[in-house]
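I wanted to see how one strand is placed among its neighbours. My notes follow in the order in which I looked things up.

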Amino acid sequence: MSDESFADLFQAKTVSRPTMQPGDRVEAVVVSISGDNIFLDIGGKSEGILDATELRNEAGELTTAPGESLSVYFLGARSGETLFTTRLGSGRASSLALEEACRTGIPIEGKVTGEIKGGFAVTMAGQRVFCPYSQMDIRKVDNAEEYIDKTFAFKVIEFSNQGKNVIVSSRAVLEEQRAQEREQLKERLTEGMEVSGTVTSLREFGAFVDIGGVDGLIPISEIAWGQIDRVDDVLSKGQQVQVVVKRLDWDKDRISLSLRETMENPWDKAGEKYLPGSIHQGRVSRLTAFGAFITLEPGVDGLLHISKLGAGRKIHHPREVLEAGQDLTVKIESVDSTQKRIALAPEDYTAPEDHRREEKPAPPPVSKEPVSMGTLGDLLKTQLKKKS
C-alpha cells in the first residue's frame with residue numbers, strides 16, 4: 001500500500017466520527033448484554049453502554065438481542081464509560097440519565113401525571129419529579145387539565161439529594177426550539193407570504209397566532225371582511241388557520257397577520273350582484289346621524305341616507321325609525337365597487353317630488369282655439385258695470 005493511500009485511509013478514519021455532543025443521535029449495534037448493561041458498537045474504538053432496563057417489557061424481558069441495530073442518544077462520558085439512552089426521556093431510564101441530563105442540558109421526555117401544589121407531578125426515568133407552573137409552558141397555564149396525562153420534553157434544571165429532589169422545565173425546551181425556529185423564519189418569511197399557524201390566545205383587539213417560532217397578531221379588523229363584534233365568534237384557541245403576513249418588524253418582534261386576505265373579497269363581485277333597482281334583504285349594522293349602514297352580506301355594507309327614512313316625515317336621527325340588528329328590505333340605488341360604496345333606499349321609497357306630483361291637482365285643459373278679447377263696446381259695457 002502506498003504512503004498516499006495509507007494517509008488517505010488514516011485521514012478518512014479519523015474524521016469519520018467527529019466528537020459527539022450530549023444529545024447527539026447515532027446508530028449502534030448491540031454487541032453483548034451483561035446484567036443491566038447493554039454494550040453497543042457505535043463505530044468507534046470504545047463501546048457504548050445502555051441501561052438494559054430501558055429495553056425491558058412489562059414482564060421484565062429484554063426486547064433486543066446481540067446483532068440488532070438501535071438508534072441511541074449520547075448522554076455523556078463518566079468514569080471512562082460512554083453512556084447512551086434509546087430515547088430522550090425513556091420512562092425506564094435510570095436516575096443516572098437525569099443527573100447527566102442536568103449536567104449536559106439534554107432534554108428528557110416525561111409524562112405529566114397530575115397537578116400538585118405549585119405545579120405538576122411528572123414521571124420521568126422511573127421516578128417522580130416536579131415541574132412548576134411557570135416552567136410548564138411559554139404561556140401562562142390557564143387550564144392545568146390540558147397538560148395532564150400528556151408527554152413533553154423537559155430540561156432538568158435542578159438535581160439534588162441523590163435524585164430525590166428533581167425540578168424540570170418544559171419551558172426551557174420550548175424557548176430553545178422557538179429561538180431556532182425564529183432564526184429560520186427570519187431567513188424565509190416575507191411580507192405577503194401565506195403561512196399556516198395555530199391560534200394561541202384571543203383578545204378583544206384580535207388573535208395571536210403561532211406561525212412556527214414566533215407569534216403574530218391578527219387585528220380584529222383583519223379577521224373577516226365583515227364587521228365582527230367578538231373575536232371568539234370566528235376563532236377559537238388551538239384552531240389551525242391560514243394567514244397572510246402583512247407586516248414584519250423583527251427588531252420589535254411584531255408580526256401583523258391577516259386572515260381575511262385568504263378569503264374571497266365580496267366586493268369583487270358586488271357590482272354584478274347588486275344591480276341598481278334590484279331588491280335585497282339586509283340587516284341594520286350601524287346607526288349614525290346621517291343614516292343607517294345596512295349589511296347585505298358579510299363584508300358588504302350599503303348606506304341608507306336619513307333623507308330616505310321617515311316615510312315622508314322629517315326625522316332627526318335614524319334611531320327614530322330603525323334599530324341595530326333589524327332586518328330590512330332595501331332597493332339598490334347605485335354601486336361604486338372601486339370606492340366600496342352602495343347607496344340604498346327603502347323598498348317602497350318614492351322621491352319627494354313624486355309625492356308633490358301626486359298631491360297637486362291637474363290644471364284645467366287649455367283650449368287650442370284663440371280666446372277673443374271682445375269688441376271695444378264689450379269692454380266699455382264691462383267697465384260701466386264695474387262702476388255701477
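I began with the link between strand 18 and strand 20 (residues 341–346): the two run parallel and are joined by two bridges. The model is a predicted one. For one contact of this pair I looked up L303, and its bridge partner in strand 20 is A343.

Next I turned to the partner of strand 18 in strand 17 (residues 291–297). This pairing is antiparallel and runs over six bridges. I noted V300 of strand 18 as the bridge partner of E297. Strands 17 and 18 form a hairpin, with two residues between them. In the turn I checked G299, which has a positive phi of about 95°.

Which residues of strand 18 lie on its covered face, and which on its uncovered one? I listed V300, G302 and L304 for the covered face of strand 18 (residues 300–305). D301, L303 and H305 make up the uncovered face. I read this against the usual rule that side chains in a regular strand alternate between the two faces of the sheet.

I then followed strand 20 to strand 19 (residues 327–336). Strands 19 and 20 run antiparallel, joined by six bridges. Here I found V335 opposite I342 of strand 20.

Last, I asked in what order the five strands close into a barrel. The order is 16-17-18-20-19, and the pairing is mixed. Neighbouring strands of this sheet are turned by 50° against each other on average, with direction ignored. I entered the parallel pair 18 and 20 and the antiparallel pairs 17 and 18 and 19 and 20 under this barrel.

How values were computed. Residues are numbered from 1 along each chain as its sequence is written. This is a predicted model: local features need pLDDT of at least 70, side-chain atom pairs count only at pLDDT 80 or more; totals for chains, interfaces and linings use all residues. Side-chain values use heavy atoms; hydrogens and water are left out. Buried means under 20% relative accessible area, exposed over 50%, partly exposed in between (1.4 Å probe, protein chains only). Helices (H or I, at least four residues) and strands (E, at least two) are DSSP runs, numbered from the N terminus. Two strands pair if DSSP finds at least two bridges between them. Axes are lines fitted to C-alpha atoms, for helices over the stretch in contact, and angles run from 0 to 180 degrees between N-to-C directions.
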